[in-house]
Amino acid sequence: MQAIVPPDGALRNLGRTLSQDVNNLRRWHKSKEKHTADIARLRRFKGVGRQRPILLVGNGPSSASLPEDFVTTFRNAGGHVMAMNFAHLNPALVGQGFDYYVSADRRLVAETDRAKELRRVLGHQRLIAAFVPEIRVQDWRNAAPTVDFYPFCRVHVRYLRAPHWGFSPLYPKAFEAHTGLHSLQMACWMGYERIYVIGLDNSYVTEVKPGLGQAKQQVVSYAGNQQVSTSRNEDTVSYLRRQTRLFQDYWRFSQKPVFNLAPFSLTDCFPFITAAEALEANREPETYKRRSSK
């Protein structure tokens, strides 16, 4: 019979995270010269979103709640749109244009049919820029040479960060590797006046099923009724602790002008606003400012 190992307690878990921070900082200092000049190209985007709204479209099921013509209407009114990961499979974006693309997912540079199709679609978009981790930026450039890729720092330092780094993508981040979080980081750093999100559902905790022993079966739902089933051997405390950290990371952006267009969402750190209200705010920003300040 295999012995069951209890999960680490809070203090030991904190100690392990601090140790990881130290190791990640060391690795970053040793390797940063390799990417510093390339990452510095991101500086051109700092503050470019002032007086503009942006829509971040994740691939969660809630993106299906967007009105059919919302993306086009939003862009025609002067807003920008940022897509993520397998954006070409998202019904909210099919046949629509978008301005930015973000991915922290290694699967997108793999030689699979859907990854190749995504790269083909990106090549036909009039993208301002695409943002990807520095360790994969060359792979992206090789795979989609017509797209202008900019690398961001993917190193994770949760607690031992320099305070002046803030939300800057030029330096180690304070959050876990997650494309939705990187999209928020970029939009905030770019200074967008209003940031609307849809499809950042993070509904993993509702889709996990118990298996034999500590085994778990995870069925992750995506936009367009796609589902991906995976299995993991992990105790419940460790699983829920990781999910808690993910939601805590989203709270890092709660003081920014971020609004969730998903009416029912576990990502409850952002106030809900309807799609119609978002378009109204886009048309009448001064009126919206007065309302939101009351």
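## Cores, rings and a buried helix

The largest nonpolar core has 40 residues, and those with the most contacts inside it are Leu42, Phe131 and Ile195. Helix α5 (residues 179-189) supplies the largest share of this core, six residues. A second, separate core of 36 residues includes Leu66, Leu93, Val132 and Ala262. Please keep in mind that this is a predicted model. Here is a tour by topic.

**Around the two cores**

- Ile195, one of the residues with the most contacts inside the largest core, touches Ile54, Leu56, Leu184, Ala187, Cys188, Pro257, Val258 and Phe259, leaving aside residues up to four places away in sequence.
- Val132, a member of the second core, is found in strand β4 (residues 129-133).
- Val132 is buried, with a relative accessible area of 0%.
- With residues up to four places away in sequence left out, Val132 touches Ser103, Val137, Trp140, Phe149, Tyr150, Pro151 and Phe152.
- Of these partners, Ser103 is 29 residues from Val132 along the chain, yet their C-alpha atoms are separated by 5.4 Å.

**Aromatic pairs**

- The whole structure holds 15 aromatic pairs.
- One of them joins Trp28 and Trp165 in an edge-to-face arrangement, with 5.3 Å from centre to centre and 75° between the planes.
- Trp28 lies in helix α1 (residues 10-39) and Trp165 in the loop between β5 (149-152) and α5, so this pair ties together parts that are 137 residues apart in sequence.
- Both partners lie under the 20% cut-off for buried residues: Trp28 has a relative accessible area of 9%, and Trp165 has a relative accessibility of 8%.
- Phe45 and Phe131 also form an edge-to-face pair, at 5.4 Å centre to centre and 90° between the planes.
- This second pair links distant parts of the chain, 86 residues apart: Phe45 is in the loop between α1 and β1 (53-57), and Phe131 is in strand β4.
- Phe45 is buried at 2% relative accessible area, and Phe131 is buried at 0%.
- Phe45 and Phe131 belong to one aromatic cluster together with Tyr100 and Tyr150.

**Charges over rings**

- Tyr150, a member of that cluster, has the charged end of Arg41 sitting over its ring, 4.1 Å from the ring centre.
- Elsewhere, the charged end of Arg114 sits over the ring of Phe86, 3.9 Å from its centre.

**Helix α5 and its neighbour**

- How many of the residues of α5 are buried? The count is 11 of the 11, so α5 is largely enclosed by the rest of the structure.
- The buried residues of α5 include polar names such as Thr179, His182, Ser183 and Gln185, alongside Leu181, Leu184, Met186 and Trp189.
- The axes of α5 and helix α6 (residues 236-251) come within 10 Å and cross at roughly 10°.
- That crossing angle is under the 35 degrees cut-off, and α5 and α6 are therefore roughly parallel to each other.
- Gly180, Leu181 and Leu184 of α5 make the contact with Leu246, Asp249 and Tyr250 of α6.
- Leu184 also appears among the residues that Ile195 touches.
- Just after α5, Gly191 takes a positive phi of about 80°.

Methods
Residues numbered from 1 in each chain as written. Predicted model: local features only at pLDDT ≥ 70, side-chain atom pairs only at ≥ 80, totals over all residues. Heavy atoms only, no water. Core = buried A, V, L, I, M, F, W, Y, C linked by side-chain atoms within 4.5 Å. Buried < 20%, exposed > 50% of the residue type's maximum accessible area, 1.4 Å probe, protein only. Helix = DSSP H or I, 4+ residues; strand = E, 2+ residues; numbered from the N terminus. Contact = heavy atoms within 4.5 Å. Phe/Tyr/Trp six-rings, centres within 6.5 Å; stacked < 30°, edge-to-face > 60°. Lys NZ or Arg CZ within 6 Å of the ring centre and 35° of its normal. Axes fitted to C-alpha atoms, helices over the stretch in contact; angles between N-to-C directions. Parallel < 35°, antiparallel > 145°, perpendicular 65-115°, else oblique.
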